[in-house]
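The following report treats the strand and helix arrangement of the structure shown below.

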Amino acid sequence: MRRRLGLGFWLAASWIGLVLLAALLADLLPFPRYDETLAGPPQSGPSAAHPLGTDGLGRDVLSRVVYGARVSLGVGIGAVLLGLGIGAPLGILAGYRRKAADAVIMAVNDVAQAFPALVFALAVVAFAGASLRNVLIVLGVLGVPSWVRLIRGATLTFAEREFVLAARVLGTRDRRILWREIVPNVAVPAASYAFIGMAVVVVAEGSLAFLGLSVQAPQPTWGGLINEGRTLMETAPHVVLAPSVVMFLTVLSFNLVGDRLRAMTDVRESGLEPVRPAAAPALPAAPHPVHDVLLQVEELRTHFTTPRGLVKAVDGVSFTLERGKTLAIVGESGSGKSMLIRSILGLLPGTSVRGGHVYLSGDDLTAYGPAEMRSVLGLRLGTVFQDPMTALNPVRTIGAQVTEPLRVHLRMGRREARAEAVRLLASVGIPDPARMLRRYPHQLSGGMRQRVTIAMALSCRPDVLFADEPTTALDVTIQDQVLRLLHRLREERDMAVVLVSHDLSVVARWADEVIVMYAGKVVERGPAREVFARPRMPYTEALLQAAPRLTDPVHHRLRVIPGRPPDLVDLPPGCPFRARCPYARDRCATEPPPLFEDGPQHHQYACWFPRDPAPAEPGSTNDTAHTRADTGSTSDTTPTRPRPESTSGGAGPETVTGDAASGVESRGR
Amino acid sequence: MAGSGSAHLRPRDEVLLRVEDLVVEFPAGRGRTVRAVSGVSFDLARGETLGIVGESGCGKSSAARALVQLPPPRSGSVRLDGLELTALRGESLRRTRRRLQMIFQDPISSLNPRRRVREIVGEGPRVWNLPGDRVDEVLEAVGLDPATAAERRPHEFSGGQCQRISIARALILDPEVVICDEPVSALDVSVQAQILGLLEDLKARYRLTLVFIAHDLAVVKNVSDRILVMYLGKVCELAPSEALISRPAHPYTRALIASIPGGGLDLPPADQLITGEPPSPVDPPTGCRFRTRCPRAAARCAAEEPLIRQIGEDHWLACHYPAPPPSPTGTSTPTFTTTAPSITTSTPSITTVPASPPQPPRITTTTAIDVQATIDVTANATPGNATPGQRHSRPTPLPATPKPPTPHFHRHVHEGRRWRWR
């Protein structure tokens, strides 16, 4: 919430404060009164006695500008307050009560807004007389419709929030709900609009004054001063320049302050951008062999610089993936699982630094520039994201969106692309695909939309499909359909799938291999069946026991993992799960565990004191007997597992891979 | 899922909350309305947890909001300890609010970002002019440290902690019934377990009665004594949790269970139990609303809406052709092909009867009732016994295996526009 406002904001606010203060204290300031003629030589330039010079009658320009601020700012503030005073109650009433009140208020408002404002102001002032009061009232009233609209909109967004419903459930009366729940929330956007409104009014008042329809001489106003100075432009340009510059700066400052206030209330998410080409070669990777596999990720790191410090969102992740396999990445929110996918694809916000390597069939993607990356994304790497509605363009037909990659990447003709799109949609189980091409995303159900995004991801026959929580937004029965579909397509197309999910049961059913992430690091990895049947890392074990299962008895007490995931900005040394781990000992606080490996299945885990594997079969109790020297895969540097029994003092830490040990913190977003 | 009827309601003096024939409608634009909840009945005994499960659009959240009369239902009855809430307006309705509290899905959006935790939790007592000294107590009860938490604002807390604050806000008024609308759906697994455990603790400590709404059957089963399955605004099945999971009878319940990986039951794969997409709630199917996705659907399902009937100990079902109980030994193969009702026998009546508008058969005659149920109802149709609203004498549990329907007469039949069976 506390966001930096920036230097510009403070400069602008100071300027407004200065002008306001000067206007208020004008009578006390040591310069001649605004109407004192021949205070100095007429039309003289800036001097020590008259910092802004004098005008044609020898009046002090600074004094006139400062007194003019009284009128300009006075009208600005007064008109905004008047507009707010009338508009806010009407807007809140319309937004909160809805129904008839809303209809009437908004109908009248629309009519009012259709009036040509400045013409109306001119007419009223011309008839009623040009005085400060009249100008203020006219400009204030003219602002009312905008205020009603703004306040109503803001009220609407909050009136439908659940905290307002909660207040009603508590039995709170409407008036209290308005004052306590809605007004404080509407106040921020209103304040921001007030500043922008003041800028508008100051300009409007200036225009009226320039036309001689504001406060009458001799009382100065900025617009009037500009008008007077006009005739002297050639001999004494400072007379017109001084009020112009002051007015310009003031209007600019109002706008700037208003904009910054509004930005403060906006939550803006950073979009996906291609990663900046080697922003800094900051994160070198150790030498490593490149394997003959479809996808190899080697010591991948993604770090962010945030105002609070360095966040290691992905911290040294390695894996390999072959054709026809599904790799699942599981973890809780903030574990870095989605960021890992974005890092692999090179789709990261500009504030990030990426290290490590990603090899696709032996080609290092991290060495690719944006143009080369574009030729890989979509063509060889397909993506499906959680929310199909945001992945589809709402104003383009399904047909236009599905055929686009076909035409751009595969250079198909219009007719050919259409035929292929129909085939694609049919292959993801969409009934009547030819008709579907003419529809818009909002006309489809969530499950159908996700099928369309899958069809788009598959259109160029990618080698690897990345699916980031592809079913989280869908209903259970639809989830099953979509996962089945992904599985079937994987088989048919002999591609690899990287499935990111928080749902362990989904992963257990559809993945061949699983990676469990915690605080940006891999904490356990192995064949899915093995990891879920015999978790070694206490976190995986706890996660499995915390998830309710249908087979549990009713009112079964789930395992509770105390605390919450660590703050990635300031991760203490040692194991990141230590604080929540019931088995943690001294060593966990000081040394980060590397990835150990044991068993014939390359089951890896990052834990000094792993859970004993459940005795699988009485015969093969040699399970604990350390590593089988690994052939293949990434385990060349993997240390052997220490014996938990013997490690009270800390045996065998020399086996730790240097790289993993040094960079042990974690990640965050 | 199409069930209507209130045969499953228990006697009024046994229940704390009784909801009967609840109907909730929303305008859907162009003068049309959506029936989000369409004749749903259920009840809660004191101290019980009723789970309501269903997919998005099944009306479970609309039903929850109708319970607290925000907005009031279109029709139907909500009785809290005998007090008819739907008849109350204004101040008299407000006075009942203390007794019925609610917890929402989105922990962030359900807390006002501009207020401090102490104000948020203390709002209830302030509204009711109660001493505000219980704030610390309830904050501790939900596992927050009052000293550090009370003066902070919601954005300084994680999702799980915000949900604890919401729970504290509801608890401080000592409500009798707490309606939890997807309280853990937005939370991570580890935090979800914390909140579920907390709800169980608080239920015991404050003797709460809970309505627990969620889309996740495993979560619902974990906390609920009984589970109500909803589909498209109707009741499908109601049973004690264990029975519902181990002996699901409704095709939709079975599909829900089969869709959960590792469900444990020996059910056919989900794609054999459910097909296609949910129909639009603006234009729901005639008869049984699940029939467009049901592999067991027959002509009769389009023609008449199944009424809720009893099939076991406190096990209630709204389906014409329920599935046989899954065999625990795993020997059963998908059975619907063998037991599929022969539809040919009942088609003649469909062709002969003129189309009538979709019309949920509103009880009492034998028209809209399963063959088996017909026998029961006629047997019980002595005056007084079949009076709507009164408890039926419990019929003998029916054999769950459907028998092929014998030819019988349909009074309400609709044009066969939307039928489909396989």
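In chain B, 4 strands build an open sheet whose order is E2-E1-E4-E5, with antiparallel pairing. Strands E2 (33-44) and E5 (83-84) of chain B occupy the edges with a single partner strand each, so one side of each is left without a neighbour in the sheet. The model is predicted: local features need pLDDT of at least 70 and side-chain atom pairs count only at pLDDT 80 or more, while totals for chains, interfaces and linings use all residues. Residues are numbered from 1 along each chain as its sequence is written, and chains are lettered from A and ligands numbered from 1 in the order in which they are written.

Helices (H or I, at least four residues) and strands (E, at least two) are DSSP runs, numbered from the N terminus; two strands pair if DSSP finds at least two bridges between them. Strand E1 (residues 17-27) of chain B is joined to E2(B) by 9 bridges, and the two run antiparallel. Glu25(B) stands opposite Arg35(B) in E2(B). Helix H1 (residues 60-67) of chain B lies across E1, E2 and strand E4 (75-80) of chain B.

In chain A, an open sheet of 8 strands follows the order E6-E7-E8-E3-E9-E10-E12-E11, and its pairing is mixed. Its edge strands, E6 (381-384) and E11 (596-598) of chain A, each pair on one side only. Neighbouring strands of this sheet are turned by 20 degrees against each other on average, direction ignored. Strands E9 (residues 513-518) and E10 (residues 521-527) of chain A pair in the antiparallel sense over 6 bridges, with Glu513(A) opposite Pro527(A) in E10(A). Helix H16 (residues 446-458) of chain A packs on the sheet, touching E6 and strand E7 (464-468) of chain A.

The table lists angles between axes, which are lines fitted to C-alpha atoms, for helices over the stretch in contact (C-beta atoms, placed from the backbone, within 7 Å); angles run from 0 to 180 degrees between N-to-C directions.

| Helix | Partner | Angle |
|---|---|---|
| H1(B) | E1(B) | about 115 degrees |
| H16(A) | E6(A) | about 170 degrees |
| H17(A) | H10(B) | about 50 degrees |

Between the chains, helix H17 (residues 476-493) of chain A and helix H10 (residues 251-259) of chain B pack with their axes 8 Å apart. Val476(A), Thr477(A), Gln479(A) and Asp480(A) in H17(A) meet Ala255(B), Leu256(B) and Ser259(B) in H10(B).

Notes. Two residues are in contact if their C-beta atoms, placed from the backbone, lie within 7 Å.
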